[in-house]
Amino acid sequence: MTTMAHGQTEMEIAAGRARENVVAGGALVRHRRASRLIHWSVAGTFFLSLLSGMPIWTPLFGWMAGLFGGLEVCRWLHPYAGSLFFILSILQFFHWLGDMRLTEGDRSWFGPKAFKYMHHEDFPADPGKYNGGQKLFFWAVTLGAIGLLLSGLIMWFPLYFPQMIRELAILLHDITFILFLVAVITHIYLGTAAEPGTFRAMTRGTVTRAWARLHHPGWFQEVTGDEARKR
Ligand code: HEM
């Protein structure tokens with residue numbers, strides 16, 4: 001068994017290409033290559049849409065247009081980038097839907113308990129592969145993507161809609177993108193600095209046994225067959 005970059009073994013890399021929810025060497029495969037590809041395509045097109053959309057939104061962010069060669073480029077690029085983001089989001093939705101149904105246990109944990117989790121003081125009742133917060137984020141971004149598409153289409157083809165609808169679409173598009181951005185910033189924080197060991201799940205595809213036992217004891221037990229955490 002050869003150790004590669006980042007201490008990942010050849011066995012772990014090979015396992016992470018095709019399968020997930022399996023033990024590979026000393027690690028657990030959490031996201032197979034296809035899942036990671038879809039996730040990063042969604043993230044990439046999200047930021048492309050964001051950066052090309054913000055200079056159109058307000059001159060305050062006009063300097064961002066320079067990244068694409070000017071405001072005119074942003075104006076035609078943004079709706080195509082947004083449409084691609086939507087298509088990939090729907091692909092991601094169906095790809096992950098099976099794991100994202102909210103359970104009674106997930107719901108009972110919403111509220112102040114979620115903040116305690118961030119400080120490692122409380123844990124959701126035996127979460128499976130994803131906890132309630134992650135599932136909520138999944139449903140919120142799906143709903144957000146639909147809202148952005150519908151309101152965006154109205155602005156893209158304004159001549160087909162009365163003025164009242166066009167104005168409502170602008171409002172909906174702006175509110176949705178601001179909420180979306182706040183949710184994504186929180187998501188990035190939780191997936192990197194706040195919960196060490198999580199980011200590699202989306203880069204290398206694997207997590208350590210200790211990470212899985214701590215954050216997702218139900219999933220840990222399912223994958224390894226070992227008892228995770230006594231409460
Ligand atoms: C640089 C930006 C991003 C980073 C660093 C990041 C990081 C991650 C990581 C590490 C996971 C795996 C969590 C786990 O296995 O428990 C994940 C999952 C996920 N990501 Fe991202 N992500 C980013 C952008 C996005 C964007 C823009 C979206 C959607 C628009 C998104 C949607 C999701 C969803 C729905 C999941 C599954 C549920 C969850 O774990 O919260 N991500 N992301």
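Here are some friendly notes on this predicted model, taking the ligand shell, the helix packing and the small sheet in turn.

1. Let's begin with the ligand. The shell around the ligand counts 19 residues, and those that come nearest are Ala43, Phe46, Gln134, Gly191 and Met202. By class, the shell has 12 nonpolar, 6 polar and 1 charged residues.

2. Which helices supply the shell? At least two residues each come from helix H2 (33-57), helix H6 (132-156), helix H7 (163-194) and helix H8 (199-203). The most is given by H7, with 5 residues. You may want to keep H2, H6 and H7 in view, as these helices of the shell return in the packing points below.

3. Next, the packing of H2 on helix H3 (residues 71-96). The axes of these two helices lie 8 Å apart, at an angle of about 150 degrees. Angles over 145 degrees count as roughly antiparallel, and H2 and H3 are therefore roughly antiparallel to each other. Their crossing is left-handed. The contact of H2 with H3 is made up of 14 nonpolar, 12 polar and 1 charged residues.

4. H3 also packs against H6. Here the axes come within 10 Å and cross at roughly 150 degrees, so H3 and H6 are roughly antiparallel to each other. The crossing of H3 and H6 is left-handed. On the H3 side, the contact is made by Pro79, Gly82, Phe85, Phe86, Ser89, Phe93 and Trp96. H6 brings Phe138, Val141, Thr142, Ala145, Leu148, Leu149, Gly152 and Trp156. How many charged residues does the contact of H3 with H6 have? There are no charged residues in this contact, which has 11 nonpolar and 4 polar ones.

5. H6 and H7 form another pair to look at. The axes of H6 and H7 come within 8 Å, with a crossing of roughly 150 degrees; H6 and H7 are therefore roughly antiparallel to each other. H6 passes H7 in a left-handed crossing. From H6, the residues that meet H7 include Phe137, Ala140, Val141, Gly144, Gly147 and Leu148. Among their partners in H7 are Ile165, Arg166, Ala169, Ile170, His173, Phe177, Phe180 and His187. This contact of H6 with H7 divides into 14 nonpolar, 7 polar and 1 charged residues. Val141, Leu148 and Gly152 of H6 appear in the contact with H3 and also in the contact with H7.

6. Finally, the sheet. It is an open sheet of 3 strands in the order E1-E2-E3, with antiparallel pairing. Which strands are at the edges? They are strand E1 (22-24) and strand E3 (206-208), each of which pairs on one side only. On average, neighbouring strands of the sheet are turned by 40 degrees against each other, direction ignored.

7. One strand pair can be followed in detail. E1 pairs with strand E2 (residues 27-29) in the antiparallel sense, over 3 bridges. If you would like a place to begin on screen, Val22 stands opposite Val29 in E2. As a general reminder, strands of a sheet pair through backbone hydrogen bonds, either parallel or antiparallel.

Definitions and conventions:
Residues are numbered from 1 along each chain as its sequence is written. This is a predicted model: local features need pLDDT of at least 70, side-chain atom pairs count only at pLDDT 80 or more; totals for chains, interfaces and linings use all residues. A residue is near a molecule or strand if its C-beta atom, placed from the backbone, lies within 6 Å of it. Helices (H or I, at least four residues) and strands (E, at least two) are DSSP runs, numbered from the N terminus. Ala, Val, Leu, Ile, Met, Phe, Trp, Tyr, Cys and Pro count as nonpolar, Asp, Glu, Lys and Arg as charged, and the others, Gly among them, as polar. Axes are lines fitted to C-alpha atoms, for helices over the stretch in contact, and angles run from 0 to 180 degrees between N-to-C directions. Angles under 35 degrees count as roughly parallel, over 145 as roughly antiparallel, 65 to 115 as roughly perpendicular and the rest as oblique. A crossing is left-handed if the near helix is turned anticlockwise from the far one by less than a right angle, and right-handed if clockwise. Two residues are in contact if their C-beta atoms, placed from the backbone, lie within 7 Å. Two strands pair if DSSP finds at least two bridges between them.
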